[in-house]
Amino acid sequence: MKFLTETMTRMVDRTIDGTTNRVPEPYTVRTPKLPMDKDRAALIGVSALVLTLTLVAIVWSTHSIGTLLGGGVGYAAGVVFDVAWLAVLVLEWMARFDPAKREFPRQVGWGLALVAAGAIFLEGLLAGGWQMATVGAAVSVVAKVLWWAVFKHIDKDLSPGDAAWVAAEMSKANAKLAIAGARRQAAKAEVAARLELLAAERDLNEIAGLDHSMGIHNAITAEQVTEHDHASGLPEPVLNRANTVHEPSEPAANIAHLARVELTAGASKEEAVEAILAKLPDAKQASVEATVRRERNKLDRAAYR
């Protein structure tokens, strides 16, 4: 048996002046050399040979079908005939562990190869007679038969019990993929819904702030009510207060809007409270502080999502 000498690296302790560190140290090991897999080498050689012949078939069929279609872009269309069944070969190889799934691309590949051979036969018949047509059509058929022989050799035939076990494992894997996809879609939908709610809440706060500001500016005074009543000849109504008819409530929505503006600008909670009380001196300090804390928490939660 032949052996190979390989150089590998391991971490060892090395102490200098009382300080120990882990450093790499090279060492050599001898490992047995595996014998050449002659079956695998032969399969690779056959596959390479069949691939080369297939490329020749593609060039031949492309020229023949392109000529039949009038040249020019007809050559590009001619590539489709052979490339189509070559693409199906890949699907057939991917389904090598599932006989039921493998059978469909195999049948489609044969159908596409026969279509390509028929087109080449027609072009050869028009160009040089049935001899040329037969030989030309056989090129694609031979390439397909060679691939069929290669796939027949590497097919993984399973017993009914093993096939059922493989199908059960594939079903579990497919179920996990489906669940992952559904959860990903649900997460995206939830994120979109939360963003919509945040946007709606922001718009509502802005509208509430505008409504409150307009309410303060448009408050009807007692003198205006008295003048209106004298002009209409109606008796003067009883006022709740001496200066206004409407006593506005605590501008909670406007406070929330101002708090969010101040906090977004980088102000601390204390600075935000002072700024709001400066703008709304009639507001209660405890209510302002509670609103600032609530808006601060909302902004923090939104930042960590």
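Modeller: Let's settle one term before we start: a helix here is a DSSP run of H or I of at least four residues, and helices are numbered from the N terminus. Also keep in mind that this is a predicted model.

Biologist: Fine. Which helix does aspartate 203 belong to?

Modeller: Aspartate 203 is in helix H5, a run covering residues 160–217. A helix needs at least four residues, so that run qualifies.

Biologist: Why is aspartate 203 called partly exposed?

Modeller: Its relative accessible area is 36%. Buried would need under 20% and exposed over 50%, so aspartate 203 falls in between. As for what lies across from it, the C-alpha atom of histidine 257 is 9.9 Å away, although the two residues are 54 apart along the chain.

Biologist: And arginine 102, how do you know whether it is buried or exposed?

Modeller: Same kind of check. Arginine 102 has a relative accessibility of 6%; the cut-off for buried is under 20%, so arginine 102 is buried. It belongs to helix H3, residues 99–127.

Biologist: What does arginine 102 touch, apart from its neighbours within four places in sequence?

Modeller: Glu92, Ala95, Arg96, Asp155, Lys156 and Asp157. Glu92 is itself one of the buried residues of helix H2.

Biologist: While we're on H2, how do you know its span fits a helix?

Modeller: H2 has 22 residues, 73–94, and at 1.5 Å a residue these should span 32 Å. The end C-alpha atoms are 32 Å apart, so expectation and model agree. There is still a bend of about 35° in H2, at aspartate 82.

Biologist: Which residues of H2 are buried, and what do they pack against?

Modeller: Gly74, Gly78, Asp82, Trp85, Val88, Leu89 and Glu92 are the buried ones. They pack against helix H1 (38–68), H3 and helix H4 (130–154).

Biologist: Now the nonpolar core. What makes a set of residues a core?

Modeller: The residues must be buried, come from a list of nonpolar types, and be joined through side-chain atoms within 4.5 Å. The largest such core has eleven residues: Ile255, Leu258, Ala259, Leu263, Ala272, Val273, Ile276, Leu280, Ala283, Val288 and Val292. Helices H7 (252–264), H8 (269–279) and H9 (285–304) each supply at least two of them, and H7 has the largest share, with four. A second, separate core has nine residues, including Val50, Leu89, Ala113 and Phe151.

Biologist: What does valine 273 touch beyond four places in sequence?

Modeller: Val288, Glu289 and Val292. Alanine 290, in H9, has its C-alpha atom 9.5 Å from that of valine 273, with their positions 17 residues apart in sequence.

Biologist: Why is alanine 290 called partly exposed?

Modeller: Its relative accessibility is 29%. Buried stops at 20% and exposed begins over 50%, so 29% puts alanine 290 in the middle class.

Biologist: Last one: how do you know strands S1 and S2 pair?

Modeller: Pairing takes at least two bridges, and S1 (3–16) and S2 (19–32) share 14, so they count as paired, in the antiparallel sense. One bridge joins threonine 15 to threonine 20 in S2. The hairpin has two residues between the strands, and aspartate 17 takes a positive phi near 55° there.

Biologist: And how many helices and strands are there overall?

Modeller: Nine helices and two strands, with both strands ahead of the helices in the pattern β-β-α-α-α-α-α-α-α-α-α. Of the 305 residues, 22% count as buried.

Key: Residues are numbered from 1 along each chain as its sequence is written. This is a predicted model: local features need pLDDT of at least 70, side-chain atom pairs count only at pLDDT 80 or more; totals for chains, interfaces and linings use all residues. Side-chain values use heavy atoms; hydrogens and water are left out. Buried means under 20% relative accessible area, exposed over 50%, partly exposed in between (1.4 Å probe, protein chains only). Contact means heavy atoms within 4.5 Å. The expected span of a helix is 1.5 Å times one less than its number of residues. The bend at a residue is the angle between axes fitted to the seven residues ending there and the seven starting there.
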